[in-house]
Amino acid sequence: MTLLVISYLAGVLTIVSPCILPVLPFVFSRSGQPFVRSILPMMVGMAATFAAVATLGAVGGSWAVRANEIGRWAAIALLAVFGLTLISSWAAAILTRPIVALGGRLSGTAATAKPNVGGSLLLGMATGLLWAPCAGPVLGLVLTGAALQGANPQTSFLLATYAAGAATSLALAVLAGGRVFAAMKRSLGLGHRIRQGLGAAVLAGVATITLGLDTGLLTRLSYASTAGIEQSLLDRANANSNAASTSMQLAANDARQSYRSSLPIEGTLPSLNGAVQWLNSEPLTAEQLRGKIVLVDFWTYSCINCIRTVPYVRAWAEKYKDQGLVVIGVHAPEFAFEKKIDNVKRAIQNFGITYPVAIDNDFKIWRAFGNSYWPAHYFIDRDGRIRHHHFGEGDYEESEQVIQELLAEAKGGRRTAGGFVAPDAQGAEAAPDLDQARSGETYIGYQRATGFGSPATIEADEARDYTVGRLRLNQWGLTGNWTVGAEQAVLNQAGGAISYQFRARDLHLVLGPGPDGKPIRFQVTVDGKTPGASRGADIDASGNGTVSETRLYQLVRQGGEVHERTFEVRFLDAGVSAYVFTFG
């Protein structure tokens, strides 16, 4: 229920987000018309269509992408006709094709001059096909759940709730706008000019979407969107949930210990059954862990946020193992290649991880915890109760204090002041420079791709030649012959490249060799030059590197003040797979 409320509120916030701008002209074209016959049907059609398309995009394959692309072009054509009929009654009268008649009905300029419920609903459906809202934390959480758990009614319901929230805020804005327009008509007699202005805005919106500027031009603004507000909603909900859980369970605390920590009780350690395999240990159960302090770390080996957390988890496991701490890494894969146990074995060897790791390929442990994040840390006391959690990077001293507090509680005493670990993290494990970073995680597979800046649109699961023009900040593009799949892009011919216009200290790219496993050579340039001192940990000063395994590669590490830069990686051999950019 809490997530439904948050999804609705997050949808309401899209009215102040840049991602809604391309559809506003179509929505405000209904200002001044009756709510029940015009505005409401349009909002219902828009919300229902968005929820349906988003559900297909989350759980469907390439066929869903192609179907949506066809639908977008049909909607663009329909709305272009709609804009023309708003501008010119003469044009509406001259053009006699059925689609024009339909456009006339949608615009309210048919013979009856009365708003048509069916026409408004169809206009809303067309607008919903064009709507590409910002994937803030709430919508990202819903779509991640769909990707992990497959098609289910809850996913569609959450998406519909998100869309309903957006439709609510837009409907209120249209009602307010209708009053303004009505006042202008009464005082200035500008009704015809206003209608023409709206028609021009609709055509401008059609042109913006057709040229792809709705995703490119607004990229700079997206980082100042409502993501922070959405995240605070999630954090507040978690805090309220924890408080409620605490009030119900504190009464059940036993009095066996002479000292009880003030840490709340958030739940009980669920079953650890369901892992397809355990590494560095025999399978562990919740019953076996009674009497121990347990840290459960949900991670996946190519996730940059997880990688930067590993040094601390590794140090805690080593420092406190003799005092009763057991660290369990639950490896829950984001990409298909992370399900390969040999890849995970290689990764934990590279990271120097010696504590137990449960391979949760079927997400059974993930769902048992009700988890939704990478990384996620759950702290369990000696009686098997969850006493604290932390999502994402950071707050390492606070997390270590929790470990110290639970260890002290287990011994019946208070936590004494103690030092904190300070791991010497190198390469991709080093903490990010968030103050200067203006670029964020960017997926390359069509299922979650954003910011694509090549002139040619992505052709799902088909080989295609791509070129790169001038990129704007946070846009990327392909050069050469590539096949873009749901999760990754695969290079078909040697010499292809990937470019990105970014601003951050570090640039990482998850890459993998071809099916034959042969190493793939590549060369990196920054602003058209060899990186030199700005080279990442996985290349030399001349920009040369090799993809020998599927993992995250650090390709750029700048020193000093960070500026906007142009990155390019060119592959000298065919077969490479590219998955996601991350920054730090």
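Tyr312 and Trp316 both sit in helix 14 (residues 304–320). They are 4 residues apart, about one turn of the helix. Helices (H or I, at least four residues) and strands (E, at least two) are DSSP runs, numbered from the N terminus. The model is predicted: local features need pLDDT of at least 70, side-chain atom pairs count only at pLDDT 80 or more, and totals for chains, interfaces and linings use all residues. Residues are numbered from 1 along each chain as its sequence is written, and side-chain values use heavy atoms, with hydrogens and water left out.

A pair of aromatic rings is described by the distance of the centres and the angle of the planes. Rings of Phe, Tyr and Trp (its six-membered ring) pair if their centres lie within 6.5 Å. Planes under 30 degrees apart count as stacked, over 60 as edge-to-face and the rest as tilted. By this rule the count comes to 25 aromatic pairs. Tyr312 and Trp316 form a tilted pair, 6.4 Å centre to centre with 55° between the planes. Trp316 is buried, with a relative accessible area of 0%. Buried means under 20% relative accessible area, exposed over 50%, and partly exposed in between (1.4 Å probe, protein chains only).

Tyr373 and Phe391 form a stacked pair, 4.3 Å centre to centre with 20° between the planes. This pair links distant parts of the chain, 18 residues apart. Tyr373 lies in the loop between helix 16 (364–369) and strand 6 (376–380), and Phe391 in strand 7 (residues 385–391). Phe391 is partly exposed, at a relative accessible area of 25%. Both residues belong to a cluster linked by ring pairs, with Phe298, Phe363, Trp366, Phe369, Trp374 and Tyr378.

Charges also sit over rings (NZ of Lys or CZ of Arg within 6 Å of the ring centre and within 35 degrees of the ring normal). Arg448 lies over the face of Tyr443, at 4.0 Å from the ring centre. Arg551 lies over the face of Tyr553, at 3.9 Å from the ring centre.

Helix 14 has 17 residues and an expected span of 24 Å. The expected span is 1.5 Å times one less than the number of residues. The end C-alpha atoms are 25 Å apart, which agrees. A kink of about 35° lies at Val310, shortly before the proline Pro311. The bend is the angle between axes fitted to the seven residues ending at a residue and the seven starting there. Buried residues of helix 14 include Val310, Pro311 and Trp316.

Helix 17 (residues 396–410) should span 21 Å, and its end C-alpha atoms are 21 Å apart. In helix 17, 11 of the 15 residues are buried, so it is largely enclosed by the rest of the structure. Among them are Tyr396, Glu400 and Leu407. The buried residues pack against strand 3 (293–299), helix 14, strand 4 (325–331), strand 6 and strand 7, with contact meaning heavy atoms within 4.5 Å. Just after helix 17, Gly412 takes a positive phi of about 85°.

Strand 12 (residues 497–502) is largely enclosed, because 6 of its 6 residues are buried. Ala497, Ser499 and Gln501 point one way, and Ile498, Tyr500 and Phe502 the other. Two strands pair if DSSP finds at least two bridges between them. Strand 12 pairs in the antiparallel sense with strand 10 (residues 476–484) over 4 bridges. It pairs in the antiparallel sense with strand 17 (residues 565–571) over 6 bridges. Tyr500 stands opposite Trp476, and its bridge partner in strand 17 is Phe567.
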